[in-house]
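Work through the exercises below with the sequence and the model side by side. Each task is followed by a solution in steps.

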Amino acid sequence: MGDPATLGTARAPLADGMIRVEIKEKRFGRLPVLSHVAFEVAPAETVAITGPSGIGKSTLLRIVAGIDKEFAGRVDTPARIAMVFQEPTLLPWRSARENLTLVHPGLTRAEADAALARVGLAEKAGDFPGQLSLGQQRRLALARAFAGRPELLILDEPFVSLDPETAETMIALTEALIKEARPATLFVTHSETEARRLATRILSLRGSPATLAPHAVPIKGVNP
Ligand SMILES: Nc1ncnc2c1ncn2[C@@H]1O[C@H](COP(=O)(O)OP(=O)(O)OP(=O)(O)O)[C@@H](O)[C@H]1O
Ligand SMILES: [Mg+2]
């Protein structure tokens, strides 16, 4: 497997582009974390996942991303998946630009610079991740995810631990990038406001082992 930012290439492309998740059970050793969790995400649809800490949200995302294959059930996703992790997983001894070009070998230097400029990091192309603020690292992770032109974008709490102003900038940026690239998007958040702003539906994990709350909360009704 290559870098965690680009995953899922081993999977066959789907005829209709629908993402179908049907998990029967996921356990870590003797600890059952997820029981029946089934949902679909349509192409270009954005779905939020909420639930208390430790319930299994990151576990679910890792299964959908294809990183964790140790579960009972079935997941059908498109081939091009990008995941932005809870903590930015950047290459520490590579520049911001190289964090894009090494992960996406087809990306030219000019394209990488354009992707950095798009997230407001034009001046930071030569800097190492350690020289960037947390908000800037998050934006770099976002640029890296979108540079792979994902059909499915998975975001694990991308706006957490940022001050309100930086969080707002990140949300607006993510919203704009999603509108431009139109991937199917699955994201975890603790914030009802974020969920309502970005998603068309909210899926709520409940219980131990976790399942989805009976009814997904529709937000904007019909998919865009
Ligand atoms: N690699 C692992 N090995 C063993 N147990 C694990 C592993 N990863 C997660 N768990 C357990 O699975 C449960 C769900 O963890 P997970 O990280 O999915 O929660 P979460 O909903 O993402 O929480 P948070 O909101 O705090 O990020 C927890 O009880 C956790 O301890
Ligand atoms: Mg988590």
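**Exercise 1. A glutamate in its setting**

In which helix is the place of Glu168? Then classify Glu168 as buried, partly exposed or exposed.

Solution. The model is a predicted one, and the steps rest on its atoms.

Step 1. Glu168 sits in helix H5.

Step 2. Its relative accessible area is 37%. Buried requires a value under 20% and exposed a value over 50%, so Glu168, at 37%, is partly exposed.

Step 3. For its position relative to another part of the chain, take Glu194, which is 26 residues away along the chain. The C-alpha atoms of Glu168 and Glu194 are separated by 9.5 Å.

**Exercise 2. An arginine in helix H2**

Decide whether Arg97 is buried or exposed, and list what Arg97 touches beyond four places away in sequence.

Solution.

Step 1. Arg97 belongs to helix H2.

Step 2. The relative accessibility of Arg97 is 17%, so Arg97 counts as buried, the limit being under 20%.

Step 3. Leaving aside residues up to four places away in sequence, Arg97 is in contact with Arg109, Ala112, Asp113, Leu116 and Ala125.

Step 4. One of these partners, Ala112, is 15 residues from Arg97 along the chain, and their C-alpha atoms are separated by 6.0 Å.

**Exercise 3. The nonpolar cores**

Which members of the largest nonpolar core touch the most other members, and which element gives the most to this core?

Solution.

Step 1. The largest nonpolar core has 36 residues, and those that touch the most other members are Leu100, Leu116, Leu140, Leu142 and Leu153.

Step 2. At least two residues of this core come from each of strands S7 (81–84) and S8 (152–156) and helices H2 (96–101), H3 (109–118), H4 (134–147), H5 (164–181) and H6 (192–198).

Step 3. The most, seven residues, is given by H4.

Step 4. Take Leu140 as an example. Not counting residues up to four places away in sequence, Leu140 touches Leu90, Ala96, Asn99, Leu100, Leu116, Leu121 and Leu132.

Step 5. There is also a second, separate core of 29 residues; Leu34, Ile55, Phe85 and Leu203 are among them.

**Exercise 4. The surroundings of ligand 1**

Which residues come nearest to ligand 1, and which polar atoms of Ile55, Lys57 and Thr59 lie beside its oxygen atoms?

Solution.

Step 1. There are 14 residues around ligand 1, of which Ser53, Gly54, Lys57, Thr59 and Gln86 come nearest.

Step 2. By class, this shell holds five nonpolar, seven polar and two charged residues.

Step 3. Now take the distances to oxygen atoms of ligand 1. For Thr59, a polar side-chain atom lies 2.5 Å away. For Lys57, a polar side-chain atom lies 2.7 Å away. For Ile55, the atom is a backbone N or O, at 3.3 Å.

Step 4. On its own, ligand 1 exposes 640 Å², and the protein buries 59% of that.

Step 5. Strand S3 (31–34) and helix H1 (57–65) are the elements that give two or more residues to the shell. H1 gives the most, with three residues.

**Exercise 5. Backbone exceptions**

Where does the loop with the cis peptide bond to Pro209 lie, and what is the phi of Arg149 and of Glu157?

Solution.

Step 1. Most residues other than glycine have a negative phi, and most peptide bonds are trans.

Step 2. The bond from Ser208 to Pro209 is cis, with omega near -5°. Pro209 is in the loop between strand S10 (201–206) and strand S11 (211–212).

Step 3. Arg149, not a glycine, has a positive phi of about 40°. Arg149 lies in the loop between H4 and S8, and counts as exposed because its relative accessibility is 60%.

Step 4. Glu157 also has a positive phi, near 45°. Its loop runs between S8 and H5. With a relative accessible area of 7%, Glu157 is buried.

**Exercise 6. The chain as a whole**

How many helices and strands are in the chain, and what percentage of its residues count as buried?

Solution.

Step 1. The chain contains six helices and 12 strands.

Step 2. It has 224 residues, and 50% of them count as buried.

Step 3. The exposed area of the chain is about 10600 Å², with 54% supplied by carbon and sulfur atoms.

Step 4. Among contacts with a separation of 6 or more, 69% are between residues 24 or more positions apart.

Notes:
Residues are numbered from 1 along each chain as its sequence is written. Chains are lettered from A and ligands numbered from 1 in the order in which they are written. This is a predicted model: local features need pLDDT of at least 70, side-chain atom pairs count only at pLDDT 80 or more; totals for chains, interfaces and linings use all residues. Side-chain values use heavy atoms; hydrogens and water are left out. A residue is near a molecule or strand if one of its heavy atoms lies within 4 Å of it. A polar contact is a pair of N or O atoms within 3.5 Å; within protein, one must be able to donate a hydrogen and the other to accept it, and residues adjacent in sequence count only if both atoms are side-chain atoms. Accessible areas come from the Shrake-Rupley method with a 1.4 Å probe; for residues, only the protein chains shown count as cover. Helices (H or I, at least four residues) and strands (E, at least two) are DSSP runs, numbered from the N terminus. Ala, Val, Leu, Ile, Met, Phe, Trp, Tyr, Cys and Pro count as nonpolar, Asp, Glu, Lys and Arg as charged, and the others, Gly among them, as polar. A nonpolar core is a set of buried Ala, Val, Leu, Ile, Met, Phe, Trp, Tyr and Cys residues joined through side-chain atoms within 4.5 Å. Buried means under 20% relative accessible area, exposed over 50%, partly exposed in between (1.4 Å probe, protein chains only). Contact means heavy atoms within 4.5 Å.
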